[in-house]
Amino acid sequence: MEVAARAQAGLPGGNGEEAEMRLTVRDGLATVFVAAAAAVYLLWVTGAAMTGWSVRVAAAVVFGLGWAACVTDQKQMAVVYAAARGGRRPPAAYVVLVSGIGALALVAGVIALVAGSAAMLATLAASMGGLWVIATARHTLTSGSGSPSRRPAKTA
């Protein structure tokens with residue numbers, strides 16, 4: 001009975017198949033951009049490379065890579081912020097959380113660029129990493145419809 005009700009409602013698992021959200025190529029591309037930004041920041045801050053770069057140059061590179069990661073999946077962002085029809089929006093708490101962290105990243109990035117603040121560059125890098133973790137976890141744990149996946153957890 002539950003399967004029939006799920007099928008009628010258009011929910012995953014309604015046809016007897018398990019719903020599974022797989023990470024997309026766009027998720028992989030975002031991962032590459034965020035990893036590159038983290039590598040640039042870590043190499044710069046430790047002095048292992050890019051020793052001639054100022055805070056502003058490092059901030060520009062990290063900020064640019066973060067922006068590139070952000071726009072890899074504009075369709076999903078449009079669904080999250082209800083600018084597009086067709087997908088289920090995530091819970092309001094998720095939207096508020098990622099919006100707050102995104103605003104923090106933006107402000108920190110601008111301050112790092114304008115004032116040359118190493119602390120704001122660190123804040124930018126950390127907030128980018130946090131956004132990536134949260135978004136990737138959401139994409140992994142939700143089905144294609146935006147609802148939590150019904151597949152059983154894998155055991156070792």
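Two exercises on a predicted model follow, each with a worked solution. Local features need pLDDT of at least 70 and side-chain atom pairs count only at pLDDT 80 or more, while totals for chains, interfaces and linings use all residues. Residues are numbered from 1 along each chain as its sequence is written, and side-chain values use heavy atoms, with hydrogens and water left out.

**Exercise 1.** Find which residues of helix 2 are buried and state where they lie around the helix axis.

*Solution.*
1. Helix 2 covers residues 25-46; helices are DSSP runs (H or I, at least four residues), numbered from the N terminus.
2. Its buried residues (under 20% relative accessible area, 1.4 Å probe, protein chains only) are Asp27, Ala30, Val34, Ala37, Val40, Tyr41 and Trp44.
3. Viewed down the axis, these buried residues fall within an arc of 155° (taken from the directions from the axis to the C-beta atoms), so they line one face of helix 2.
4. On the other side, Val25, Val32, Leu42 and Thr46 are exposed (over 50%).
5. The cover over the buried residues includes helix 3 (55-70) and helix 6.

**Exercise 2.** Describe the surroundings of Arg138 in helix 6.

*Solution.*
1. Helix 6 spans residues 118-141 and contains Arg138.
2. Arg138 has a relative accessible area of 10%, so Arg138 is buried.
3. Leaving out residues up to four places away in sequence, Arg138 touches (heavy atoms within 4.5 Å) Gln76, Val80, Arg88, Pro90 and Tyr94.
4. The charged end of Arg138 sits over the ring of Tyr94 (CZ within 6 Å of the ring centre and within 35 degrees of the ring normal), 5.1 Å from its centre.

Terms used: Helices (H or I, at least four residues) and strands (E, at least two) are DSSP runs, numbered from the N terminus.
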